[in-house]
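Reader: I have the sequence and the model open. Take me through some of the labels, and show me what backs each one.

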Amino acid sequence: RCLPNYCEHGGKCSQSWTTFYCDCNNTGYMGATCHNSIYEQSCEAYRHQGRTSGFFYIDSDGSGPLGPLRVFCNITEDKIWTAVQHNSTGLTRVQGAGPEKPYTMSFNYNSSAEQLEAVISSAEYCEQEAAYHCKKSRLLNTPNGNPFAWWVGRANEKHLYWGGSLPGIQQCACGLEESCLDMRYFCNCDADREEWTNDTGLLAFKDHLPVTQIVITDTNRSNSEAAWKIGPLRCYGDRQFWNAASFNTEASYLHFPTLHAEVSVDISFFFKTTAVSGVFLENLGIKDFIRIEISSPKEITFSIDVGNGPTEATVQSPTSLNDNQWHYVQAERNLKQTSLQVDNLPKKVLEAPAEGHFRLQLNSQLFVGGTASRQKGFLGCIRSLHLNGQKLDLEERAKMTPGVKPGCPGHCSSYGNLCHNGGKCVEKYNGYFCDCTNSAYEGPFCKEEVSALFEAGTSVTYTFQEPYPVTKNASTSSSAIYVDAVVSKENIAFSFLTAHTPSLLLYINTYFHEYLAVILSKNGNLQVRYKLSKDGLLIFTIDSGNFANQELHQVKINREGRELVIQVDQVLKLKHNFSEIDFKAIKSLTLGKVTDSLSLDPEVSKANAYGFTGCLSSVQYNHIAPLKAALRHPSIAPVTVTGSLTESNCASMMEADVNTATTIYSSSDPFGKTDEREPLTNAVRSDSAVIGGVIAVVIFIIFCIIAIMSRFLYQHKQAHRNSQKKEKEYPENLESSFKADIDLQNTVSECKREYFI
């Protein structure tokens, strides 16, 4: 049963009397026949799992023949960059190379040419930096000479243009920009000067990438020298992940060539609909067929017939699937089983019969969004359709098909929850991005904290726009306009870390001499102090411990109308209802030391004398992020910084004692979710164990040395006493020469006796 071997991707086949089994360990694939890749197809897919920047394996063709490739995913901005390193990305110096003895460097990307080509073709844009530093070393020998250096790209093709220029033009970037050092040449280095200069730019024509070799032939003259650098291959954009089509009528569909999948097939896609039923795709044969459809608002059905009668795998959802949200479908058929997965619901698996037909014979076109009979068509959107790892370009087909439109709006309805901490989801044609403008956080999902170190005199003051009557010095009777300036709520959130008390963390004052202050008292308690024109001074003390313990604490102060809620470290600490509150006409918000301290009450003034020394992180006041404004937009934001303010990371300060932490991913899910704190804990325990063991070994060695020295001294002293006894027994008539020897020994013995005593 293992001949032929139906285990794919190097899976090991074993058998029993009735069936065969596939061992998929260490293949990078999973399933009954090792058909499905355990890796995602792009960095974009990892991003939508909430992953952060790091090294990942991507499998560009999924279940196809190409293996996984290790890349670096830079997930720090809206554009998700994929970087593939090669064996020489640093600056390399060259001397002594000439036309007869050229310098050549070939680049190894630890991958096949097909893998790199798949990464490049699926990306929207790719680039590689090319830099040539020269001193009396010509590059392209412009304007009309044969080049002294060139690079080789895909398909082993030689290219005579340099970074920043266009294919087919023997120039450098300065030639296109008309900014070369010598306008007679199209490259700076071609001026052949004695001093160092360079030609640097980006190679961005996808069909020529990646760079596989560089050749240099002009560094063999006197004082001639060069240094080159070819950067890693960098690409962004997944052309397939957002590739979508909108089906507007039940009679509309897209058609593709016949699906050839006799032994195994996998189909995956996203869909979004409000219809109660409809066929996603269908392919027919004489008798055989394959079909996936939404058969009811809560059911997805995968039907297939290979000649033994129809087999149906149905997944039932507890909630409606026609909710106009994106849902994921993955269907697979192989010689052992038929399976269907919808979102994260339990997979439906049907075992294949041991006997009978097993080859799927299809001959019609593949219909997407409808059927050959034009009945039960699909209304809605289908996105990122893959068949056996092959990507179907829905958008290109939709451009020439009536009733179908390329693309599909409304991504934020499904992915808006990935924007955290007040980040706003913004629609794009091919996806979305998180706008973190009004958030105290940043990053692609508004999850990266913005932190800074404060010293005793550091002050960050955010000034609000002055109300009209104040700026015009209007009479008190006109103060009714302040009704519009009343703040009906305060949503304050920040994190802090300090070891100093007393401290003033945050201070908000108004034009009516009201204020809100958050301080650490001398004993480390947290105080929230409201001074209101009608209720006077209200003090709310959180005395659940010393908060100046060099640990990171999170504070949330929310007031909605008269109701005040205070949370510390995500635990509700206090609720209060004001009798009446009119906290209005906000003047400024200060972090750290308040420079204008005349109106402070004695307790706040005492804390203000010390200011704040420590780390503040992710400070939010309603829709304003004052600390982020001070660090990111100091020139345009209405913020004033006094003293030293250094960007830092509060969370990393807590882990300063732990130098390194390594997260190890399992082979089945190499980038799975793990508790990153656990390796840190283990590291601390490991360090403690090593230190304890070293101390024990040192003590043991010291005891051994003392014991050996004691035994040696004891034996030596005994030998000395025995020699004294023998000396007394010597006869008096010994020969004079022998006596002289004994006298000499006695002299040495006397010295030894003094030493031991």
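Reader: What makes a contact of I508, leaving out residues up to four places away in sequence?
Author: Contact means heavy atoms within 4.5 Å. By that rule I508 touches I492, E514, Y515, L516, F583, I586, S588, L589 and Y621, with residues up to four places away in sequence not counted. The model is predicted: local features need pLDDT of at least 70, side-chain atom pairs count only at pLDDT 80 or more, and totals for chains, interfaces and linings use all residues. Residues are numbered from 1 along each chain as its sequence is written, and side-chain values use heavy atoms, leaving out hydrogens and water.

Reader: What is meant by the largest nonpolar core, and which residues touch the most other members?
Author: A nonpolar core is a set of buried Ala, Val, Leu, Ile, Met, Phe, Trp, Tyr and Cys residues joined through side-chain atoms within 4.5 Å. Buried means under 20% relative accessible area; exposed is over 50%, and partly exposed lies in between (1.4 Å probe, protein chains only). The largest such core has 46 residues. F494, F496, I508, L526, Y530, I566 and L591 touch the most other members. Another core, of 44 residues, lies apart from it; A149, Y161, W162 and L233 are among its residues.

Reader: Why is strand β40 called largely enclosed?
Author: Count its buried residues. Six of the seven in β40 (residues 526-532) are buried, so the rest of the structure largely encloses this strand. Strands are DSSP runs (E, at least two residues), numbered from the N terminus.

Reader: How do you know which strands pair with β40?
Author: Two strands pair if DSSP finds at least two bridges between them. β39 (residues 515-520) and β40 share six bridges, in the antiparallel sense. Here L520 stands opposite L526. β40 and β41 (residues 536-542) are joined by seven bridges, also antiparallel. R529 has I539 of β41 as its bridge partner. Both counts satisfy the rule.

Reader: What lies between β39 and β40?
Author: Five residues separate the strands of this hairpin. G524 takes a positive phi near 90 degrees there.

Reader: What makes β9 and β12 edge strands?
Author: Each pairs on one side only. The open sheet has four strands, in the order β9-β14-β11-β12, with antiparallel pairing. β9 covers 103-106 and β12 covers 158-159. Within the sheet, β11 (residues 149-152) and β14 (residues 213-216) pair over four bridges. V152 stands opposite Q213 there.

Reader: Where is P232, and what does P232 touch?
Author: P232 is in the loop between β15 (225-230) and β16 (233-238). Residues up to four places away in sequence aside, P232 touches V84, Q85, H86, T89, E127 and Q128. The C-alpha atoms of P232 and G90 are 9.9 Å apart, with their positions 142 residues apart along the chain.
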